[in-house]
Amino acid sequence: MVVFGNVSAANLPYQNGFLEALSSGGCELMGHSFRVPTSQALKTRTRRRSTAGPLQVVCVDIPRPELENTVNFLEAASLSASFRSAPRPAKPLKVVIAGAGLAGLSTAKYLADAGHKPLLLEARDVLGGKIAAWKDEDGDWYETGLHIFFGAYPNVQNLFGELGINDRLQWKEHSMIFAMPSKPGEFSRFDFPDVLPAPLNGIWAILRNNEMLTWPEKIKFAIGLLPAMVGGQAYVEAQDGLSVKEWMEKQGVPERVTDEVFIAMSKALNFINPDELSMQCILIALNRFLQEKHGSKMAFLDGNPPERLCMPVVDHIRSLGGEVQLNSRIKKIELNDDGTVKSFLLTNGSTVEGDAYVFAAPVDILKLLLPDPWKEIPYFKKLDKLVGVPVINVHIWFDRKLKNTYDHLLFSRSNLLSVYADMSLTCKEYYDPNRSMLELVFAPAEEWISRTDSDIIDATMKELEKLFPDEISADQSKAKILKYHVVKTPRSVYKTIPNCEPCRPLQRSPIEGFYLAGDYTKQKYLASMEGAVLSGKFCSQSIVQDYELLAASGPRKLSEATVSSS
């Protein structure tokens, strides 16, 4: 998800080349382009860092909302505390974890809190997996996705608090802002009043907006949602078999409601349109947004994710005796005679052994590396239906400050774009008073993933011409492109189509000593940063619960995690 989460960058060839391109935390090869249209454009670009610190900003953010007293936050805090208060193991387990995305980092963090010694392996030279980012030769960052942190992310919010980095989240006003295709350059807002509790603040926001939905449409939509409100979680889970479009038709909700609101939401949640997305995904999001006062309130990270979020987790892991290694790609999962894991074989020829093993890379990579003896086990066989969705993240630096934008996330409602933001406004580290940098999610991307970067930029500019009619033209006769980066992800978060829910695996596998973490595994937040962090906590919880079994398990019995050359 973009609004809910995360993507990683890769160009994935086929078969053996495909496997080589994959990394433990995502995928290694990255489709990107760097272009300055003219030498004059390069000369006019100023180096703002010479006069201002990298985190200096004049934008005014909203104070952090009060999240600590919500039921979900307290539940997440209790789970975090259970690791710190767990009985110290007689001898710590050495747990080898493949993938330093949020799921792997979370698993390692909470295992370290419980007194164990994680060894976290990342294939690439950058942390973050689906939230990885890179610095170009100008010192500017470009990311794998437009990452938004919601108030309805209790485990993520707890993680920030546990690391002492709450101040790195830049909270925005409690609104959702949609472009108006029928009125180029104009926007429609859903503003959530702070004086009202949930769900009244959400209802008020919907009722007050008369630009996107008529009153009859609002009433029919509300009637259609009544079963979800009455039936609760059981009803939500039962809707997994229907697409958003099918559910809307079944409930008698006017098609225009889908066109006006849920095309944008579907693309933001899972990079696909309502005719493909499972309705369960929409209902889970609505449940969180409407049941928690600050659930839909958004925050941007104040800088690049590897340094501002991932490194504090790594520092915490290392402070408790754990290890994190980059450039450590898994080539093969080697088995013992009884079918359990003997070691992880790396592409550099070394092997890594431990007392337990966690695979925290995306599901597509797991399926490629799955040992033959495991492939017919139902637990793993079900993974066949979980397939990563393609997505493209676009960054464009312009030669001027665009005026028709906000210090907020914006839903583009275009055919090719999902959400976007002027990162020169929303993010402290990327702040620039003179020029805009738009970061945009290009989705659905299936038909575009193999197209050239210049084709993608040309198509993006045509869409931006509609959003900024007075400032941007497709031929660059108005605002000019100084440079751009295009980050392609042929396999991102798993595609949340109908009937996927039964295929999502629990974190504890049927193979003794082998566990999974990742937002595709079983947890209630689906494909999101929150889901990734929660999956890591559940994975850690399973290992802590299995301590006695793992400590007594034959050849792996409390062996030191070792790396040996073969």
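Helices (H or I, at least four residues) and strands (E, at least two) in these legends are DSSP runs, numbered from the N terminus. What you're looking at is a predicted model, so local features need pLDDT of at least 70 and side-chain atom pairs count only at pLDDT 80 or more, while totals for chains, interfaces and linings use all residues. Residues are numbered from 1 along each chain as its sequence is written, and side-chain values use heavy atoms, with hydrogens and water left out.

**View 1. A nonpolar surface patch draws on helices α6 and α7.**
L200, I203, L207, W215, I219, I223, L226, M229 and V230 make up this patch, which covers about 890 Å². Its members have over 30% relative accessible area and no salt bridge, and their nonpolar side chains (Val, Leu, Ile, Met, Phe, Trp, Tyr) are joined within 5 Å; areas are Shrake-Rupley values with a 1.4 Å probe, with only the protein chains shown as cover for residues. Two elements, α6 (200-208) and α7 (215-238), each chip in two or more residues. Helix α7 gives the most, with six. One of the patch residues to look for is I223, which sits in α7 and counts as exposed at 52% relative accessibility (exposed is over 50%, buried under 20%, partly exposed in between).

**View 2. Seven strands line up in an open sheet.**
Reading across, the order is β10-β9-β18-β19-β20-β17-β21, and the pairing is mixed; two strands pair if DSSP finds at least two bridges between them. The edge positions go to β10 (187-191) and β21 (481-489), each with a single partner strand, so one side of each has no neighbour in the sheet. Zoom in on the β10 end: five bridges join β10 to β9 (residues 175-179), and the two run antiparallel. I177 has R189 in β10 as its bridge partner. Elsewhere in the sheet order is β20, the strand (437-442) that holds E439. At 0% relative accessibility, E439 counts as buried. Its C-alpha is 6.6 Å from that of I396, although the two residues are 43 apart in sequence.

**View 3. Strand β4 is largely enclosed by the rest of the structure.**
Four of the five β4 residues are buried. On one pairing, five bridges join β4 to β3 (residues 94-98), and the two run parallel; here V96 stands opposite L119 in β4. To get from β3 to β4 the chain goes through helix α4 (residues 102-113), making a right-handed β-α-β crossover (right-handed if, with the strands pointing away from the viewer, the path from the first strand over the helix to the second runs clockwise). Three bridges join β4 to β12 (residues 323-325), again in a parallel pairing. In that pairing, L121 stands opposite Q325 in β12.

**View 4. Some positions that UniProt annotates as "binding site".**
The record lists A103, E122, A123, K130, H147, I148, Y153, I330, D519 and M529 under that heading; positions follow the numbering used here, feature names are shortened, and annotations may be inferred rather than shown by experiment. K130 is in the loop between β4 (117-121) and β5 (133-135), and its 14% relative accessibility counts as buried. I330 is in strand β13 (residues 330-335) and is buried too, at 5%. UniProt also lists R288 and A527 for "binding site". Those two are spread over 240 residues of sequence yet cluster in space, with a largest C-alpha distance of 14.4 Å. R288 belongs to helix α10 (residues 279-291) and counts as buried at 13%.

**View 5. Salt bridges, within a helix and across the chain.**
A side-chain nitrogen of Lys or Arg within 4 Å of a carboxyl oxygen of Asp or Glu makes a salt bridge, and the count comes to 30. For a pair at long sequence range, take K524 and E75, with closest N and O atoms 3.5 Å apart. K524 is in the loop between β22 (514-516) and α16 (529-545), while E75 is in helix α3 (residues 71-84), 449 residues apart. Both are partly exposed, K524 at 34% and E75 at 46%.
R491 and D364 come to 2.9 Å, N to O. R491 lies in the loop between β21 and β22 and D364 in helix α12 (residues 363-369), so this pair ties together parts 127 residues apart in sequence. R491 is partly exposed at 31%, whereas D364 is buried at 5%.
For a local case, E260 and R256 meet at 3.6 Å; both lie in helix α9 (residues 255-270), four residues apart, or about one turn. E260 is buried at 16%, while R256 is partly exposed at 33%.
Finally, D136, D138, D140 and K483 link up in a salt-bridge network.

Notes. Buried < 20%, exposed > 50% of the residue type's maximum accessible area, 1.4 Å probe, protein only. Patch = residues over 30% accessible without salt bridge, like charges linked within 9 Å, V, L, I, M, F, W, Y side chains within 5 Å.
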